[in-house]
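I opened a new page for this structure. My plan is to look up its enclosed space and then some of its strands.

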Amino acid sequence: MQIYKVGGAVRDRLLGRPVSDIDWLVVGASVEEMHAKGFRPVGADFPVFLHPKTGEEYALARTERKSGRGYGGFTFHASPEVTLEEDLIRRDLTINAMAEDDQGNVLDPFHGRADLEQRLLRHVSPAFAEDPLRVLRVARFAARYAPLGFRVADETLELMKQIATSGELQALTAERSWKEIERALMEDEPQVFINVLSDCAALKQLMPELEGDAASLAALTQAAKHHQPLHIRWACLLHSLEPASIKALNQRFKAPRECQELAMLVGECASNGHRALQLEPEDMLALLQKFDVYRRPQRFEDFISVCQMVAQGSAQAYPQADYLRAAAAAARAVEAKPLVEAGLTGQTLGEALKHQRLEALKAYKANAEN
């Protein structure tokens, strides 16, 4: 039995990046031997075990064969006879197909180290084209390592095009696709993810609504520069689309509720946000009511953040932000307690609150214009 570190842990150590998760590979062992040493099996698809003391995952070396469509369309074979090289050749990129033994020696049968030095994302073997999820993975790696100068190798991009035009991308589940999209959006240069998908014709298959949308990429770039959370980045990416298209993308990838909700609100309300300084008090009140700023003030603040990222993506200032925040504060300052104490209830109370909030917004607008 031989145990190696593999994949990202080796890659990132060689790049001088922090290593968070370690993948362990066991060569020359059987399932029975792993059981005998106290390893606990997990997963049903292929033999992966938890270390009896550390709880880390250890996978038996395995080969794979294409047996169906999509990410899950593979048959795996694990046995003591499977070699390290046979396991590594099934991986996606050469920089992910290196191993390190317990002496710190790097085993690199597919020249991943050279590709690290040349800043290339290159596939290991033609079998790369059998797994459509790798299109999204490579685009995500391109976004992650773009700050270091990495690019996708021409021959790998060509294989990605073959996958995109084969129809295999349609076999990906929404959950698997979203997992890659989410991780890519949280990279420092997420716009690279979208650009690579466009370059290999995958964007046209997965998110055709975004094809050629430079404004969305500019807003997303700004959101990343300002370290915005996922739901703001997603809303920035979709901000220029019509609500129907935003709804379609939300549903296609089963985006989390917070992402869906903010993206839809931005699609419906961004124009009023940009016209905030010209809005009549009645329209401002309707905008604030739509966001329920009285019970959910953070949602309105997130909306303002998206609008700011959009403006900065176009190299514009956004004085509307302070105006919108002050208008929301003026409306929230109206208290229900005096009205309740005066005996108002139900619809009458609601109408009175609405009237007083409108008066507060009229006063705020008048002061702001003087």
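**Cavity lining**

I sorted the lining of the largest cavity by residue class and got 7 nonpolar residues, no polar ones and 2 charged ones. The model I am reading is predicted.

I then went back to ask how many cavities of 30 Å³ or more the structure holds. I found 1 cavity of that size. The space in the largest cavity comes to about 50 Å³.

Next I listed the lining residues by name. Leu279, Glu280, Pro281, Met284 and Tyr323 line the largest cavity, together with Ala327, Leu361, Tyr364 and Lys365. I checked which elements give two or more residues to this lining, and noted helix 14 (281-291), helix 16 (320-332) and helix 18 (346-369). Helix 18 supplies the largest share, with 3 residues.

**Strands**

I turned to strand 5 and asked which way strand 2 and strand 5 run, parallel or antiparallel. Strand 2 (residues 23-27) and strand 5 (residues 57-60) run parallel and are joined by 3 bridges. In this pair I noted Leu25 opposite Ala59 of strand 5.

I did the same for strand 4 (residues 48-50), which runs antiparallel to strand 5 and is joined to strand 5 by 3 bridges. Here Leu50 stands opposite Glu57 of strand 5.

Last, I looked at what lies between strand 4 and strand 5. The two strands form a hairpin, with 6 residues between them. In the turn I recorded Gly55, which has a positive phi of about 80°.

Notes:
Residues are numbered from 1 along each chain as its sequence is written. This is a predicted model: local features need pLDDT of at least 70, side-chain atom pairs count only at pLDDT 80 or more; totals for chains, interfaces and linings use all residues. Side-chain values use heavy atoms; hydrogens and water are left out. Two strands pair if DSSP finds at least two bridges between them. Helices (H or I, at least four residues) and strands (E, at least two) are DSSP runs, numbered from the N terminus. On a 1 Å grid over the protein atoms alone, a cavity is a set of points where a 1.4 Å probe fits but cannot get out, and a pocket is an open set with protein on both sides within 12 Å along at least five of seven lines; lining residues have an atom within 4 Å of a point. Grid points are joined across faces, edges and corners, and a volume is the space filled by probe spheres set on the points. Ala, Val, Leu, Ile, Met, Phe, Trp, Tyr, Cys and Pro count as nonpolar, Asp, Glu, Lys and Arg as charged, and the others, Gly among them, as polar.
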